Amino acid sequence: MKLLITGLAGFIGHAVARRLSGQGHEIVGIDNLNDYYDVALKQARLNDLADCSDVRFERLDLADREGMAVLFAEHGFERVIHLAAQAGVRYSLENPHAYANANLIGHLNVLEGCRHHDIQHLVYASSSSVYGMNDKMPFATGDAVDHPVSLYAATKKANELMSHTYSHLYGLPTTGLRFFTVYGPWGRPDMALFMFTRALLAGEPIPVFNHGDMWRDFTYIDDIVEGILRILDVVPPPGGDTATPDSSSSPYALYNIGHGSPVALMDFIHAIEGATGREAICDYQPMQPGDVPRTWADTEALFAVTGYRPQIKVEEGVANFVRWYREFYGV
C-alpha cells in the first residue's frame, strides 16, 4: 500500500514507520519539526529512518491548507495513519492557539484530504485525556466524555466528533485510538519517564504531583505500534440504521489502546530507581491544573477485533528506556 504517516518525527510516528519499513509499502511521512521539545531529538528519529529506503520525509505543517491539499493530490495514498498533533496537557494552558492550529485545523485538513482522495481507512490518534474526571473504572469508549479538564483533551474529543461527521457524510472509514500514557525508547522529553530518568541520573529532585497519589495505565511503545498496525487492517464497515452511545451507523470506530492495568506512580518511580541504580529525590506537589488522578483502559473491544493484548510490563519497558537513554545521551 501507499501510506501517509503524519508526525513522522514524533515518538509514535517514528516507531510506526520503522516497524512498517521493509514490508513492501511506500510510506510518506510529514512533520513540521516544531520546537515544542528538542528538535535535535526529532531530527535524530528521522536520521534513524535514513536506512529505510521505502520511507520518504516531507516537512509540512498540518495547518497548511494548501500544502496538505497538494500532498494528497500528488501521492494517491490508500490509507492514512494520522499521529501528528500538539501534545501535552499542561502546555495547553500556556499556548492554547497551538492546539487549535494543529489539532483542529490540522485534523480538518487531514479529513478533507481523505474525503477528496478516496482514502480506504483513516486511523488517527485520540487520547485517554478525553475521559476527564470520569470516576468509573476502567474507562470504556461507551462512557460519556462531555467534561474535559484541559484544552488538549477537548481538541482530541473534537477530533473524534469531526471524524464521525466525515464518516457519516462521506462514507470515509475512520478509526480513533485513545492512547494511554505511551512510553519507551525515543520517547518525548515532556513525559514523566524521560524527565524522571534525566533527574535521577543527574541527582536532581523530581516533581511528584498529587503527593504521589496517581495511577496511570502505562503502555509500552511496541504494544502501541502493534495495536495501530492491526487496527489499520480492520476497516470499519457501514453500521445499521441506528446509532447507540458506543456504536455508529457510519463506518466509524473508536478504541482504547492501553495496557489495561494501571500502575501507581510511586511504583513507576521505583521501577526507574531499579533501572538507573539511583534513589529518587521526590518533591511532592499538589495536583496540576488539567491533570487527572487515575487512568485505566478497558481494552476488550480492541482485543475482540485484533486478538491482541499488550505484552510489555512496566519493569521491562522502563529498563529498555533507561538503556536507550544512557546510550543516546552518553550518560
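Among contacts in the chain between residues at least 6 apart in sequence, what percentage join residues at least 24 apart? In this predicted model, the share of such contacts that join residues at least 24 apart is 82%. The chain contains 11 helices and 13 strands, and its C-alpha atoms occupy a box of roughly 55 × 45 × 40 Å along the principal axes. A compact globule of 331 residues would be expected to have a radius of gyration near 20 Å, and the 19 Å computed for the chain therefore agrees with that expectation.

With respect to the surface, 54% of the 331 residues count as buried, while the area that the chain exposes comes to about 14,200 Å², of which carbon and sulfur atoms supply 51%. The side chains that carry charge comprise 25 positive and 40 negative ones, and the centres of these two sets lie 1 Å apart.

In soluble globular proteins, nonpolar side chains tend to be buried together. In the present model, the largest nonpolar core has 64 residues, and those with the most contacts inside it are Ile12, Val16, Leu83, Phe179, Ile228 and Val318. Helix α8, which spans residues 221–232, gives the most to this core, with 7 residues. A second core, separate from this one, consists of 22 residues, among them Val28, Ala84, Leu111 and Ile119. When residues up to four places away in sequence are not counted, Val318 touches Tyr183, Leu193, Phe268, Ala271, Ile272 and Ala275.

Leu193, one of the residues touched by Val318, is also among the buried residues of helix α7 (residues 192–202), which are Leu193, Phe194, Phe196, Thr197, Ala199, Leu200 and Leu201. These buried residues of α7 pack against the helices α2 (39–48), α9 (265–276) and α11 (314–329), and also against the strands β7 (182–183) and β8 (205–208). Just after α7, Gly203 adopts a positive phi of about 70°.

A further position considered here is Leu151, which lies in helix α6 (residues 151–170). Leu151 has a relative accessible area of 35%, and it is therefore classed as partly exposed, since this class covers values between the limit of under 20% for buried residues and that of over 50% for exposed ones. Leaving aside neighbours within four places in sequence, Leu151 is in contact with Ser92, Pro96 and Tyr99. The C-alpha atom of Leu151 is separated by 10.0 Å from that of Asn95, although these two residues are 56 residues apart along the chain.

Conventions:
Residues numbered from 1 in each chain as written. Predicted model: local features only at pLDDT ≥ 70, side-chain atom pairs only at ≥ 80, totals over all residues. Heavy atoms only, no water. Helix = DSSP H or I, 4+ residues; strand = E, 2+ residues; numbered from the N terminus. Rg over C-alpha atoms; globule rule 2.2 N^0.38 Å. Buried < 20%, exposed > 50% of the residue type's maximum accessible area, 1.4 Å probe, protein only. Contact = heavy atoms within 4.5 Å. Areas by Shrake-Rupley, 256 points an atom, 1.4 Å probe, with all protein chains shown as cover. Lys, Arg positive; Asp, Glu negative; His and termini not counted. Charge placed at Lys NZ, Arg CZ, Asp CG, Glu CD. Core = buried A, V, L, I, M, F, W, Y, C linked by side-chain atoms within 4.5 Å.
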